[in-house]
Each structure stands twice: as C-alpha cells, then as structure tokens.
Amino acid sequence: MDFYIKQRIFSLRDQFTVFDAEKSPIYKVDGKFFSIGNQLAITTTEGTPVLQIKQQVMSFMPRYAIANEEKELCVVAKKMSFFRARYQIEPLNWSIEGSLFDHHYAVKDGNNEIMSVEKQWLSWGDTYHLHVQDPKHETISIALMIVLDMVHHQNKNSN
C-alpha cells in the first residue's frame, strides 16, 4: 500500500495531509497550539479520531508516544548513533533505520520490513512517499513517519 504525506507549508503548527495511491486525501494530521512538547492528532478526513502523537519532553533523546483512544500503542525512542538514524519502537520490538542525509527510512521487525518512507525532493514543501507492507499497519506507519519528520526538524532547528 502506498501513501503520500504532504506537510502544509504556511502554518503556525504542524499540519499534514495523507493521500492514498490515487492522491485522494484520507487522513489529516494537526498539531496543537501552546502545548508542552509536540502533540498531534491523526483523524480521518471526516474528523474521526485515529491516533495521537505526544512528545515525552523529560528525556535526553527524542521520545514520542503513539496512542489510540483506548491505550498507548508504542513509544518511539531515538538512539545514539553517528551518520545513521536509529530508533527503537517499544513494546513492538520494531526498529527504524535510515539515513539522515537522504531521508530514506525503513521500519523492521527483525529482518521483515513493515514499512519504508522516502522524502520526495522535487516538491513544494515536505512530501513523503510511504510504502506499507501490511494494511493492518497503515495508521501506525503514518504516525511513525510523522514522528520521523518531527525529530528531523527538531534536530535541524537545534543545530
């Protein structure tokens, strides 16, 4: 399954639109104003809540929790490494590996690829191509891609 995620350029908060392979919008991602740490809500285009992303601010390295209406599904934690982006996703035991320089990441469960994401360079604003292997991982994969974008921009802003 292929998705395209486009970040809105002229906005005071993080906002993304998620499109399916036919370029029809299927999800919206909106950040909250005036929150401690990043907080975003993923909803359908009709406004039905899907997932929430919350930055855990009391952490040395970037950490984000992904939850649905009922419970926390996972925590994404960046790990120390040089030249390569490394993240751990607990309690799923997934890992994110990729390159900071070419914006290509893969989420893996051991040797099995769950999803891959690649930034499209010749586009107005940040646009990502997301490929998800299994439809049951659709929404969590979209949330993980949003977390990667937030961590990347957080690192860029702190340099």
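Is serine 116 buried or exposed? Keep that one in mind while we take a walk through this predicted model, starting with the whole chain and then stopping at a few residues.

The chain has 12 strands and one helix. If you follow the sequence from start to end, you pass through β-β-β-β-β-β-β-β-β-β-β-β-α, so the helix comes after the strands. There are 159 residues, and 44% of them are buried. As for the outside, the accessible surface of the chain adds up to about 9,100 Å², and carbon and sulfur atoms own 53% of that. What about contacts between parts of the chain that sit apart in sequence? Take the contacts with a separation of 6 or more: 28% of them join residues 24 or more positions apart.

Now back to serine 116. You'll find this residue in strand β11, which covers residues 112–120. Its relative accessible area is 15%, and the cut-off for calling a residue buried is under 20%, so serine 116 counts as buried. Who are its partners? Setting aside neighbours within four places in sequence, serine 116 touches Tyr105, Ala106, His129, Leu130 and His131.

For a contrast, hop over to isoleucine 36, in the loop between β3 and β4 (39–44). With a relative accessible area of 70%, isoleucine 36 is exposed, because the cut-off here is over 50%. Isoleucine 36 also has company: together with Val57 and Met58, this residue forms a nonpolar patch on the surface, and the three share about 390 Å² of accessible area.

Next, let's look at the backbone. Most residues other than glycine have a negative phi, and most peptide bonds are trans. With that in mind, here are some spots to check in the loops.

Lysine 23 is not a glycine, yet has a positive phi of about 70°. Look for lysine 23 in the loop between β2 (15–19) and β3 (25–31). This lysine is exposed too, with a relative accessible area of 52%.

The loop between β8 (84–90) and β9 (94–99) is worth a slower look. Proline 91 lies there, and the peptide bond leading to proline 91 from glutamate 90 is cis, with omega near 5°. Asparagine 93 lies in the loop between β8 and β9 as well. Asparagine 93 isn't a glycine either, but has a positive phi of about 60°. Try finding the cis bond before proline 91 and then asparagine 93 in that loop in the structure above.

Methods: Residues numbered from 1 in each chain as written. Predicted model: local features only at pLDDT ≥ 70, side-chain atom pairs only at ≥ 80, totals over all residues. Heavy atoms only, no water. Helix = DSSP H or I, 4+ residues; strand = E, 2+ residues; numbered from the N terminus. Buried < 20%, exposed > 50% of the residue type's maximum accessible area, 1.4 Å probe, protein only. Patch = residues over 30% accessible without salt bridge, like charges linked within 9 Å, V, L, I, M, F, W, Y side chains within 5 Å. Areas by Shrake-Rupley, 256 points an atom, 1.4 Å probe, with all protein chains shown as cover. Salt bridge = Lys/Arg side-chain N within 4 Å of Asp/Glu carboxyl O. Contact = heavy atoms within 4.5 Å.
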